[in-house]
Amino acid sequence: MSIDFISPEFDVSRNESRCIKCRICVRECANGVHIFDEKRGILISDETKCVNCQRCVSFCPTRALKIIKNPNGLKSNANWCSDSVNEIFKQSSSGGVLLSSMGNPKKYPVYFDRILINASQVTNPPIDPLREPMETKVFLGKKSDVIERDSDGKIKCSTEPQIELSMPIMFSAMSYGSISYNAHAALARAATELGILYNTGEGGLHEDFYVYGKNTIVQVASGRFGVHEDYLEAGCAIEIKMGQGAKPGIGGHLPGAKIVGDVAKTRMIAEGSDAISPAPHHDIYSIEDLRQLVFSLKEATNYKKPVIVKVAAVHNIAAIASGIARSGADIIAIDGFRGGTGAAPTRIRDNVGIPIELAIASVDQHLRNEGIRNNISLVAGGSIRSSADVVKAIALGADAVYVASAALIAMGCHLCRNCQSGKCNWGIATQRAELVSRLDVEVAKTRLVNLMTAWRHEIMEMMGGMGINSIEALKGNRLMLRGIGMTEKELEILGISHAGE
Amino acid sequence: MSKGVHYRMGKLCDNGRLFVFMKDALMKREGEVRIPSGCAIAAVISRKKENIPGSLIIKAMGPMHDRSNGLGGGFAGYGIYPEYKDFYAMHLFFDNRDSRKACEVFIKEYFEIVKSEVIPTRKIPSITDEPIIWRYFLHPLMSMMLSLQLDEKSFVARAVMKINTELDGAYVFSSGKNMGTFKAVGYPEDVGLFYRLEEYEGYSWTAHGRYPTNTPGWWGGAHPFSLLDYSVVHNGEISSYDANRRFIEMYGYKCNLQTDTEVITYILDYLIRVKGLTLNEAANVIAAPFWSTINGEKDRRESEIHAYLRKTFPSLLITGPFSIVLGFEGGIMALNDRLKLRSMVVGEMRDRVYIASEEASIRAMDDSAKEIWAPAGGQPVIVRVEDERA
């Protein structure tokens, strides 16, 4: 071979006694791992192409297949792990920046896993959600500062524009282009059925999906792809994307190969041209510029829609959030460093930004210290993996959370982290018609609804255990949390006590 | 009555021992740790603003003896200082003479002292280790008020927060006009005796017996908790505490005690005095109707207002069990949590309205009281004296 040869990460194990040579694996693998050797009448594998997406394993009718970690590897080295060495091989061969997708897989502390939730015993009663009302409805947006009354002394009930959610969860931004038409359709329909929202990302809004506008957040990002008047009017809220947790400080690049047909039309760019979103918005170089864009968008939509500003969780996030809270924005969305992506430079994904748990805690506290927490709602994303993460995020101070990876997993994503290849065998992160058609919209929608319904039940169980019967009373209720195995500094930033205290 | 006295005397030793234990152990002081507690509450008001002696409300606490554990009791009386009704009556605990002197220096910077005196008490064996207990009748200094650009009540509230947060060994436990709070570590019946409440007369009284699950034994931690003319007695343990506390602390309040009653008092002060809500509206914030109820309300206007209040003050919703009586100038309001997780009954006789955790307590005040009923969860019972109704 050559010095560049990297031993494949996975072995394809085929149990010959089970294999019936049906060749389903051949058809299912867009990467071309499985090959039928006509002459010999056997199936062979090219494991160099395998990404371990588990598609063949899931569809093999005789369970003859296993994808296993290749035991061949470099001599073990605690410092020079095989990833580091292999990446050097790749870069010294190509001279290029390494690309990855989905969230940061490195071994950083997961603070959610070091936080424990409280429950009532004796001094106050737990509440049974099967017998008593348990409320998860949330409104996002600015709260009225002054109570105005009419001449009869009755309260005037006008509020700033609000988002109403049946539960404090939304599907976060994934563009049409980075994910498929069918994936978008499933998200839009699930959000509508659930009474929550999904988010267009920076790909514009396909004309078929305008009908779901009441449950849609339309995004305006640095490339301004697909932005026009009807688009802004179509959604129930507008999100200005300043940054993304997986790649803070970095723009986006959807290769021309994916800019085909409706994707090009929806983005309002020529077919086959690369869609490059610059790192900054070129009309926003400072906080006062952001204020202008916030108000331009409000002006364009008659002040009827809340404006969300989405930023990546970076070191100075508390001060940045405070600036955004004073910019006229109604909601700030913060994306932690474990947030997913369709493609990001590996080094950025794995090394830039901070965990969402710390970001929520410091932003919420900072906004309270400044007395402006009520001016803005806080949405947290960047690897919310379960209903327990939702409860912890809200108790730390978030109003609601964004989920994307969990939604993709519900639709079939197996986290192989190769979205950038465009060959998603599950029909999610691809534009190839034959792959997209694998994702059944009805099935995917049902699975999304099931997942969120299950989470909602679990959230209600945990709230009931704490003696809380409305999600409002959980928000920022840090006394309901305890840390385990954390340093004093970590506890101080999170604003919680240690277990046992 | 004599039986009751024997029982209380028996408890005295326990009390004494607890106090010794406290000083020896590395126990956190009240305010450094959150202390949940169960409790007994009672209240009486005369709609015609007739004088009710303090001895009546003491009686109310007798039958509820077992709802307290001797670690806190207290009372608030309204209309008790008619001769000084135009001045803020500030009741303070001091750890020692030096803290009193230092505090008086501070007070003189903000107020004119019209009168200052020791609050008269009676030495009884069941109440020990009392701090220095003093009261001042104060008039805010106009020059200070102008320079701080505050209205009179905000000025007084800020001064109270400052003393309680910044001055060591001094604690303001009452700060309204023509009203006063009296509280101590002990059973409420003993606390009433200790403060010679039979010598006071007022048109309304509230009372509290405390059952803390921790043993702080600090006088300031007893209830009622009050700010300006608002006083709150509360039975329950709210599960929304930290959400409420972290919200209200944005607006100049400092929850020094970490008790439910303290945060509830600040919330009501904020909603009623600062935000200008009516009592009924404030009740609809803290014990908000469920969304399902709001959506089903036939009166569209009511439904809109209820929804508006929930959207505007979500962080002031109080969850978990509570029954409270809010005392204020000219009236009282009783309120249960929206699931009615704590007992509370109301009874009436002539112009008087009685409220208590147990019916037996109402019977102790007036055995002819009629129409004893239990308000529903979240249903405020507001009683005002007649000449305040206009």
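Colleague: How many helices and strands are there in chain B?

Modeller: This is a predicted model, where local features need pLDDT of at least 70, side-chain atom pairs count only at pLDDT 80 or more, and totals for chains, interfaces and linings use all residues. Residues are numbered from 1 along each chain as its sequence is written, while chains are lettered from A and ligands numbered from 1 in the order in which they are written. Helices (H or I, at least four residues) and strands (E, at least two) are DSSP runs, numbered from the N terminus. In chain B, that gives twelve helices and 18 strands.

Colleague: What percentage of chain B is buried?

Modeller: A residue is buried if 20 or more other C-beta atoms, placed from the backbone, lie within 10 Å of its own. Out of 390 residues in chain B, the buried share is 53%.

Colleague: Over in chain A, which strands are the edges of the open sheet 6-20-21?

Modeller: Three strands form this sheet, with mixed pairing; strands pair if DSSP finds at least two bridges between them. Strand 20 (residues 481-483) of chain A pairs with strand 21 of chain A in the parallel sense over two bridges, and R482(A) stands opposite S497(A) there. Pairing on one side only makes the edges strand 6 (115-117) and strand 21 (497-498) of chain A.

Colleague: How many residues does the contact take from chain A and from chain B?

Modeller: Residues are in contact if their C-beta atoms, placed from the backbone, lie within 7 Å. The contact takes 33 residues from chain A and 31 residues from chain B.

Note on methods. A residue is buried if 20 or more other C-beta atoms lie within 10 Å of its own, exposed if 12 or fewer, and partly exposed in between; C-beta atoms are placed from the backbone. Two residues are in contact if their C-beta atoms, placed from the backbone, lie within 7 Å.
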